[in-house]
Amino acid sequence: MNNKNTLRINSLYVKNFKSITEASFKFDENNLIIFDGPNGYGKTTAFEAIEIILSKTPRKYRTILIDAKIGYTNSPIHNDENSPIELMLHLNNNGESLFIKRYFEKAPQRKSQDNNIRNIFETSKLFINEEESTEDKLEKRLDFPNINILFNVLNYVEQDENTFFLKKNPKERYKELSSLLGAEKELFQLEKIKSLEKELSGLIRQKKIERDNIIERNREILSSETLTISYKQFIKDKVFAWDQENIVNTDINIRNSYLSEVEKIKYLYSNKGLLKEIYDWHNIQTYIGDDFLDKFISFYWKIENYEVLKVELGERRRNDSILKNNQTLIEAIDQLNYNYLNQDSTWEYLKEKGINIDIPKTKLILFIAQREALGAQSKVLNNLKNKRIELLSIQREHRYLINLADGECPTCGFDWESSDILINHIQQTEQKIFQEYNVLNVEFEKLKGEINFLLESFRDRLIKDSELITEITNKFITYDSFAYLEDIYLQQKEKFDVFLSDMNEDDKVSIISLVNNRIQADDQNNLKNSIRFIINQKKPSIDSSINTFQLVNDFDVYFQNNIQILNNISEKDINDKSLYIITQYNLAINRDLNSLKDKIEQQESFLVKVQGIIKIFDNAIKNYTKNIVDTVTIPFYIYTGKILQRHSLGSGLVLDLDVSKKDPQLKINPTGRDQEVSYTLSSGQLSATVISLMLVLNKVYSKSKFGTILIDDPLQTLDEINTHSLIEVLKYNFSDQQVVLSTHEDRYSKLIRYKYDKFNLLNKNIRMKDIF
């Protein structure tokens, strides 16, 4: 019977999980339940199902080194990927009943991150008594805070890696024990504060190095007396960093660059007498390059005659219009388009060309009238012929159906005595009209020949006129050339005018005489060289050591080519400006150095406070952990002594906590020895040690309503003596708890149940081989 007010497992239901298709395991609140059967029959899967139901994610998957962003096609836990997983525990205690279920949807039918072992457990849904719930509510119902972590510490020993705690180094084991039993938040905060301490210490070191470097680089400056120099602005229309009143700079390279700028001013000042000559010559130098001379030679005449060319372009447009009209008329004559040619606009255009149009116009009008008359007669003849044929058809087919005499006309009723006379009369009329048509057609063709002869002469006149106009127009400027000229006109005219204004009158006349022609000489290079020769005659005599390009460039940059601004500066002003820049740099260095020292002092003060907080946290965690160790040391010694009796190193094991070191350590040693158990005990003895530690922690710290201890295959590595000892501990010290074990050996299953029977404790075995 259950003597504590705890909930025991009444049943476990597993569906579609790993190797289990569907199974229901009845525990019936027995004190002992043993899963027995060969390896591979799902014993560990059943234990893992219970772990998932209570803690959501199995411990062995929490720190697995797989990238959670990787997607997988198959699920690692679904037996059938097209069906959901259902895992359910029924807990019971003297009438109090609790159903806890984990539900996983069917696996995604595609590559998905939800199939990643790092993520899949987060997709589960939790139900308590058939209502969807949360982890917090589960902890409250079981009165089991941090169940996701403490379940593996207080209630469950895994088969896989059950010695992981013992194999950690003593420093990590100390942190693990502190964290597992309630100091996790404090440990996390301590690590954050230590990280802050490390970062702050590094920052202080960095600033001290920066301070020392400043002192080393500026030792001479820091030891010298700071001068007082008044500020005077050199250039008012432009902003230069070195010419400002407040120069905030602590970089020696920037300071030197500022001084270099002042040296340029000084160089300008010392050569200002030559500036005009140099500047003029520098400007002229720009005129001897190919780019300028090519444009000057090609466009000077065009720019000077821009208005003439503009008028010429208008003539081109008019001539193009005439050529278009001429071509239209030529095409109309070629196509014998008489109606188009007979328009008033056409005759007016030909008259403007000096062509006598009176006779041609009269004949063309008569020709068009005769063409229309012949057309009408042709229609009458065709109509008459068709009527005659129709009449003969009617006469033959219907004369006996209507009451007509033999010579009576069916249309007007006139009696022609006989039908033959009637038909003959119609044929004579048709022939008479045809004869008249032929006479008119002969006259028409004669007139047509005369008209075409006149039109051909017009055509010849128009072609000659077009050829003459084309010859004239080809000499005019083209549309594209004028458009380009129009684009560059103002800019190039200004450049050409400036260029010529820099020449004396004789040179100007000579240069213009070379290029002031519409048609340029074939030898362009010879022409450019001639112009260059004239330009080079103006070259002033300047010392070759003087950097004329720098002078011209600096004069433009600093003074916008205004000599008056440069004249307002004295040599003393220039020297004072250099001293002012040096003084400003020295002041900035001192300010920065003092500021840096203040920051170091403030950060060091803050570091002392942080280290004080670390000490408080560290001492609190040490005391907390020491209290835990002191509490469990004796029962741990007793349990390990019982279970590990007769091992070669003595009986019980000792928990040795050393908090005097910077990093506290928790060692587990055999009695009277300083060697760690992980180096001295066998794997079976280490497993027994882990089971002992879990049982101790359960006995001392388990306050929850969950009254079941689970140990997966504890006998796998234990010898017979350790096995008997473990059974004795469980039945004597944990008879008030439900114990769930597994084993693959039937003889051990029988032995354990026999021991429990002798102690009058209810027990049951679940034969996995019978279920699957």
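Two strands are taken as paired if DSSP finds at least two bridges between them. The model analysed here is predicted. On this basis, strand β1, residues 8-17, pairs with β2 in the antiparallel sense, and six bridges connect the two. Within this pair, Ser11 stands opposite Lys26 of β2.

Both strands belong to an open sheet of six strands, ordered β2-β1-β4-β5-β6-β7 and paired in the antiparallel sense. Its edges are formed by β2 (20-26) and β7 (131-133), each of which pairs on one side only. From one strand to the next, the twist averages 20 degrees. Two helices that pack on this sheet can be described in turn. Helix α1, residues 43-55, touches β1, β2, β4 (85-93), β5 (96-104) and β6 (125-128). The direction of α1 makes about 105 degrees with that of β1. Helix α3, residues 135-142, also packs on the sheet, where its contacts are with β4, β5, β6 and β7. The angle between the direction of α3 and that of β5 is about 155 degrees.

Helix α4 spans residues 147-154 and is largely enclosed by the rest of the structure, because six of its eight residues are buried. The buried positions of α4 are Ile147, Leu150, Phe151, Asn152, Val153 and Leu154.

A second arrangement of strands is an open sheet of five, in the order β8-β11-β12-β3-β13, with parallel pairing. The edge strands are β8 (156-157) and β13 (763-767), and each pairs on one side only. Strand β11, residues 708-711, runs parallel to β12, residues 738-743, and four bridges join them. Ile709 is placed opposite Val739 of β12. Helix α25, residues 746-758, packs on this sheet and touches β3 (32-36), β12 and β13. The direction of α25 makes about 170 degrees with that of β3.

A further strand pair is formed by β9 and β10. Strand β9, residues 653-658, pairs with β10 in the antiparallel sense over six bridges. The two strands are joined by a hairpin through six residues. Leu655 has Ile668 in β10 as its bridge partner. Strand β10, residues 665-670, is mostly covered, with five of its six residues buried.

The position of Thr680 can be given relative to Pro670. These residues are ten apart along the chain, and their C-alpha atoms are separated by 8.7 Å. Thr680 lies in helix α22, residues 677-680. Thr680 counts as partly exposed because its relative accessibility of 27% falls between the limits of under 20% for buried and over 50% for exposed residues.

On the surface, a nonpolar patch is made up of Ile634, Tyr637 and Ile638, whose accessible area together is about 280 Å². Of these residues, Ile638 is located in helix α21, which covers residues 571-643. The relative accessible area of Ile638 is 39%, so this residue is classed as partly exposed.

Methods
Residues numbered from 1 in each chain as written. Predicted model: local features only at pLDDT ≥ 70, side-chain atom pairs only at ≥ 80, totals over all residues. Heavy atoms only, no water. Contact = heavy atoms within 4.5 Å. Axes fitted to C-alpha atoms, helices over the stretch in contact; angles between N-to-C directions. Buried < 20%, exposed > 50% of the residue type's maximum accessible area, 1.4 Å probe, protein only. Patch = residues over 30% accessible without salt bridge, like charges linked within 9 Å, V, L, I, M, F, W, Y side chains within 5 Å. Areas by Shrake-Rupley, 256 points an atom, 1.4 Å probe, with all protein chains shown as cover. Salt bridge = Lys/Arg side-chain N within 4 Å of Asp/Glu carboxyl O.
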